[in-house]
Amino acid sequence: MSGTVLAVIAQGAKRLALGDRVYEYGAGQYLIASVDLPVTGQFIQTDPERPALGFGLTLEPSAVAELLLQAGPGDTPRAGTGAPSGIAVSDAPPALLDAVVRLPRLLDEPRDRAVLAPLVKREILWRVTTGEQGAAVRQLGLADSGLSHVSRAVRWIREHYAQPFRVEEMARLSGMSVSAFYRNFQAVTAMSPIQFQKQIRLQEARLLLATHPGDVTGVGHRVGYDNPSQFSREYRRQFGAPPSRDAARLRDAVPAPVGVLP
């Protein structure tokens with residue numbers, strides 16, 4: 001799950017997949033995830049001599065709301081009425097990069113860190129709130145925005161992924177008509193609500209199989225699949241191997257502990 005984050009790349013690149021959308025961003029670019037979404041991704045080391053390096057900052061809705069209230073309606077662009085995409089990539093302007101560089105430098109300044117770090121974080125948040133992807137960040141802090149309505153459904157599905165639901169129920173929870181909810185949900189997550197639930201189920205199943213590789217049927221049932229063959233089929237389509245084989249591959253990929261006495 002992505003969380004609601006700002007991510008900036010300093011070296012190398014990173015690639016994320018959300019549904020059928022792929023986002024790639026490199027040095028000097030940033031990504032905004034304004035909803036907690038099920039993603040897969042990888043860092044890309046473009047230079048063998050220079051490891052991939054990035055910076056991440058959690059975007060707290062309460063902090064965004066506080067910033068908007070302090071700034072006032074005349075100091076920030078309007079958030080817009082439509083739901084922005086849940087993930088977006090842009091080139092980072094110099095002012096944002098300057099603030100991002102200053103924050104980790106405070107790690108070497110313990111005396112200054114407690115006082116200055118909150119101020120620099122606030123500056124970073126202001127830069128992204130008023131920047132190219134500011135609409136998504138601003139909606140994160142507005143209780144009445146389309147993004148916040150969709151986030152209610154996203155949160156419910158995330159917390160109750162093993163339970164069946166009807167789209168009409170999610171629309172009612174989000175305070176939207178069924179058609180508006182479906183349209184906004186797909187705009188934000190790049191998936192239908194049912195596809196979104198399936199992604200979370202399969203990711204949770206993979207985590208469980210890493211520790212319970214011999215209980216494929218039990219894991220499938222635990223994440224909401226009553227039909228073992230359907231679970232195996234959808235798992236293979238998602239991860240490229242049946243659950244039992246993928247679990248063995250994951251287990252073999254984990255290095256054995258070093259230096260542990262019997």
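## Exercises on a predicted model

In this predicted model, mean confidence is lowest in helix 1, at 74, and highest in helix 2 (residues 94-105), at 90.

**Exercise 1. Judge the confidence of the protein, and find where pLDDT stays under 50.**

Solution.
- Step 1: Take the average. The mean pLDDT of the protein is 80.
- Step 2: Check the spread. A pLDDT of 70 or more is reached by 87% of the residues.
- Step 3: Locate the weak stretch. Over residues 256-262, pLDDT stays under 50. The model gives this stretch 0 contacts beyond four places in sequence.

**Exercise 2. Describe the overall make-up of the protein: secondary structure, burial, contacts and surface.**

Solution.
- Step 1: Count the elements. There are 11 helices and 7 strands.
- Step 2: Assess burial. Of the 262 residues, 43% are buried.
- Step 3: Look at the contacts with a separation of 6 or more. Residues 24 or more positions apart account for 67% of them.
- Step 4: Turn to the surface. About 14300 Å² is exposed, and carbon and sulfur atoms supply 53% of it.

**Exercise 3. Work out how helix 1 and helix 3 are oriented, and which residues make their contact.**

Solution.
- Step 1: Choose the descriptors. Two packed helices are described by the angle between their axes and the distance between the axes.
- Step 2: Read the geometry. The axes of helix 1 (residues 61-71) and helix 3 (residues 110-129) come within 11 Å and cross at roughly 75 degrees.
- Step 3: Apply the cut-off. Angles of 65 to 115 degrees count as roughly perpendicular, so helix 1 and helix 3 are roughly perpendicular to each other.
- Step 4: List the contact. Helix 1 contributes Ala-63, Val-64, Glu-66, Leu-67, Leu-68, Gln-70 and Ala-71. Helix 3 contributes Arg-122, Leu-125, Trp-126 and Thr-129.
- Step 5: Sort by class. The contact has 7 nonpolar, 2 polar and 2 charged residues.

**Exercise 4. Repeat the analysis for helix 8 and helix 10.**

Solution.
- Step 1: Read the geometry. Helix 8 (residues 193-211) and helix 10 (residues 228-239) pack at about 90 degrees, with axes 10 Å apart.
- Step 2: Classify. Helix 8 is therefore roughly perpendicular to helix 10.
- Step 3: Pick out partners. Helix 8 residues in the contact include Leu-202, Ala-205 and Leu-209. Among those of helix 10 are Phe-231, Tyr-235 and Phe-239.
- Step 4: Sort by class. The contact has 6 nonpolar, 3 polar and 3 charged residues.

**Exercise 5. Is Ser-174 buried or exposed?**

Solution.
- Step 1: Place the residue. Ser-174 is in helix 6 (residues 167-174).
- Step 2: Apply the cut-off. Buried means under 20% relative accessible area. Ser-174 has 0% relative accessibility, so Ser-174 counts as buried.
- Step 3: Name the neighbors. Leaving out residues up to four places away in sequence, Ser-174 touches His-149, Arg-152, Ala-153 and Phe-181.

Key. Residues are numbered from 1 along each chain as its sequence is written. This is a predicted model: local features need pLDDT of at least 70, side-chain atom pairs count only at pLDDT 80 or more; totals for chains, interfaces and linings use all residues. Side-chain values use heavy atoms; hydrogens and water are left out. Axes are lines fitted to C-alpha atoms, for helices over the stretch in contact, and angles run from 0 to 180 degrees between N-to-C directions. Helices (H or I, at least four residues) and strands (E, at least two) are DSSP runs, numbered from the N terminus. Angles under 35 degrees count as roughly parallel, over 145 as roughly antiparallel, 65 to 115 as roughly perpendicular and the rest as oblique. Contact means heavy atoms within 4.5 Å. Ala, Val, Leu, Ile, Met, Phe, Trp, Tyr, Cys and Pro count as nonpolar, Asp, Glu, Lys and Arg as charged, and the others, Gly among them, as polar. Buried means under 20% relative accessible area, exposed over 50%, partly exposed in between (1.4 Å probe, protein chains only). Accessible areas come from the Shrake-Rupley method with a 1.4 Å probe; for residues, only the protein chains shown count as cover. pLDDT is the predictor's confidence in each residue, from 0 to 100.
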